[in-house]
Each structure stands twice: as structure tokens, then as C-alpha cells.
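Biologist: I'm new to reading structures and would love a close look at one part. Could you take me to the spot where the small molecule sits, and then show me what surrounds it in the rest of the fold?

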Amino acid sequence: MDWPEPIIRVQSVSENCTGTIPERYIRPPEARPTSGPGQGSDVNIPLIDLGGIQDSNLRETTLRQVSEACRDWGFFQVVNHGVRPEVMDRAREAWREFFHQPMEVKQGYANSPKTYEGYGSRLGVEKGAILDWSDYYYLHYLPCNLRDPNKWPALPYALREVIDEYSREIVRLGGVILKILSINLGLNEDYLQNAFGGEDVGACLRVNFYPKCPQPDYTLGLSSHSDPGGMTFLLPDQNVPGLQVRRDGGWITVKPAPHAFIVNIGDQIQVLSNAIYKSVEHRVIVNSEQERISLAYFYNPKSDLLISPAKELVTPDTPSMYSPMTFDEYRLVIRTKGPKGKSQLVESLKSPR
Ligand code: OGA
Ligand code: NI
């Protein structure tokens, strides 16, 4: 399997286009960032101090804050999450350096739709599709048998070590959040971790690079989608907003708190929670003044396990919403069709029973 058309790097398009962007990136009017109701700029996703989990006086309140955020928003930010701020900054800046290397260097890591691993510029293989205004780098950290540091950039020199350190900390944080979610759902605290495969969870990183765009109102950095996996830890650009979250039919632009992670529920946790928690649509807008970089870490179930709603959450009043499916089967859809809201994902899984 290969790409249906020659790959063009958005970074090169950005550097070479003057004033107007190629047609391939122009969205129909109803799918442009400017369509739909505007949202007040003072709204933001919930911000949660995770340090409260350690504190017997604050634990209940913190658990409740996470619970409400998962039910109402599908998105929240966490601070005091245990990942060292300097590791976060080093990771982001090392990746920025990667994307600022000459094109020949990056091309050495060009990816294919077979595994998606490496340097890429599109998601999906539909010929003639409208393209997003971004390049990315995708790599596997877990399971160990998929981890191949030779497929990670060799330069800048610090990058491989930084990826390793950053990944270890994210995986630890993933375990902490899965525990909190399990407790909040009334399940055994290890329920979700076990449903994810225990030690055999998946963890992969997509670094998104959004070049400057001379016509930001006509295109999107990343089309509206829900994340297909378990949950996502996003390290946004500290200085450049861009992530928008679907809320009441409109879009809210997330304002990142310093050294916070943006956490969101993915489709697999929507399934496991029998839709008590929702995997919420989001997208990225671009701008003409500044490039933007973000690190999206996907924390996923082991890919060949059947995922279905927890039995404890299936009752006569709340029957099972989803048929069992493995994550491998599930993500094939996004990998061939590209990001397309939620329509083809969770909604289409509803079992008729
Ligand atoms: C993603 C994603 C948001 C961002 O990579 O799935 O939603 O801000 N990224 O880059
Ligand atoms: Ni996403």
C-alpha cells in the first residue's frame, strides 16, 4: 500500500506560496474555521490540579473534578501531573529543531500508509481528498516489539533520549489517569488498565507541525475528528493557540495553562464506559503569523484485545451500546478514510441489540 498521490510537504508549500494556498487545502464554506456560531473567548476546558489526588483532604474533590470533566467535556487540562516541566520543554523544542532541518534530512524518514511510522503529511489514502495544513511525525513507544529507535530521528542528537524519557513519564501518567477513571466509574481501580492489556498497553506519539498559513480562514490544520484510541495527552505549543473542542454545536479554542497537559477521552474509553464518558470532536486552526507544534501522545489498549462496555456498566436501563471490536480493526477506518468527525467511528458501532 502506498499514497495515492505524490506527497507534498505542507512546510514547503508554506515557504513557497505567496498570498494564496493551493486548492487542495481549501475547505468548502461550511467546514471552514469561520463557519458556525462563535464562542465566548472566556470559556475554557476545565483545569485540574492533579496534585490533589495525593492529598487526603483534596482527593475526593479532585476525583469529582475529573469525573465531571470526563462526563461534560471529554477534555480537561492537568497541572501537577508529575511530568517534569523541563522534560516537556526539552521534548517540544527538540522536535521543533527536527522540523527545522533541511527537507532532505526529513525525507529520509518519509512514512507510508502501511504503518504510518515516520515523517508524514496526510492521514488517509483517498485520492483527491482535501488535505490538512500540517506535517507530522509518528512513532511507536509501546508495545516494546514495535519500538524501533532507528525509525526515530537521529538528529537533533538529544532527540532519541528525550523521546525515551518523555515517553516513560507519559506512560506512568497514563496509568494514574486510568486508575482515577476506573474509580470514578465505580469499577475496580485496575479495571481499565487490565482492559487495556495490563503491561501490554500501546503508546504512540504524533508530533504535529502546523506551518504558517497565508489564508487561515480557508483551511484547517487538522480536520475535525475524535481520537480513536484510549486517551490522549497533548502537549500544546505554549505560545500559539490552535486546538478547538466541540461544545454545544460550536467550537471552543483551548487556552493552554503553563506546563499543563491537555487530556482527552478517546473512542475506546467511550466504548469501555458504555458512553458515560464521551470522546469529543476536536480540530486545529492555523494562523498566518506563527507556526505551531504539538505533541499528541496516544495511550491505547493492546491492539488485538476485544474492547466492549464494562459489564458493571451494562444494566437493563443502560444496555450495551457497542459490539466488541479490537482496536486494530477499529483504527483501520481512520487510517484509510482520514479524520472525519466521529460519524464513522463510535456512532457506527452501536449494536442493534
Ligand atoms: C491529534 C490532535 C491537536 C493539536 O493529534 O489527534 O488532535 O493541537 N492534535 O495538535
Ligand atoms: Ni486528536
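**Around the ligand**

Modeller: Happy to! Start at S294, where a polar side-chain atom lies 2.6 Å from an oxygen atom of ligand 1. Keep in mind as we go that this is a predicted model. Taken alone, ligand 1 exposes 290 Å², and the protein buries 98% of that area. Now look at Y210: an N or O atom of its side chain is 2.6 Å from an oxygen atom of ligand 1. The side chain of D227 also offers an N or O atom, this one 3.2 Å from an oxygen atom of the ligand. Altogether 14 residues surround ligand 1, and the closest are R206, Y210, H282, R292 and S294.

Next, step back to the protein's interior. The largest nonpolar core has 64 residues, and those touching the most other members are W95, F99, Y137, Y166, L181, F233 and F261. Helix α5, residues 159-184, gives this core its largest share, 11 residues. Try clicking on L181: beyond its neighbours within four places in sequence, L181 is in contact with V66, C70, L192, I265, I269 and Y277. There is also a second, separate core of 29 residues, with Y25, L131, I252 and A296 among them.

Finally, follow α5 from end to end. This helix has 26 residues and reaches 37 Å from its first C-alpha to its last, close to the 38 Å expected at 1.5 Å a residue. After α5 comes G186, which has a positive phi, near 80°.

Methods: Residues numbered from 1 in each chain as written. Chains lettered and ligands numbered in written order. Predicted model: local features only at pLDDT ≥ 70, side-chain atom pairs only at ≥ 80, totals over all residues. Heavy atoms only, no water. Core = buried A, V, L, I, M, F, W, Y, C linked by side-chain atoms within 4.5 Å. Buried < 20%, exposed > 50% of the residue type's maximum accessible area, 1.4 Å probe, protein only. Helix = DSSP H or I, 4+ residues; strand = E, 2+ residues; numbered from the N terminus. Contact = heavy atoms within 4.5 Å. Expected span 1.5 Å × (residues − 1). Near = heavy atom within 4 Å. Polar contact = N/O pair within 3.5 Å; in protein donor to acceptor, adjacent residues only side chain to side chain. Areas by Shrake-Rupley, 256 points an atom, 1.4 Å probe, with all protein chains shown as cover.
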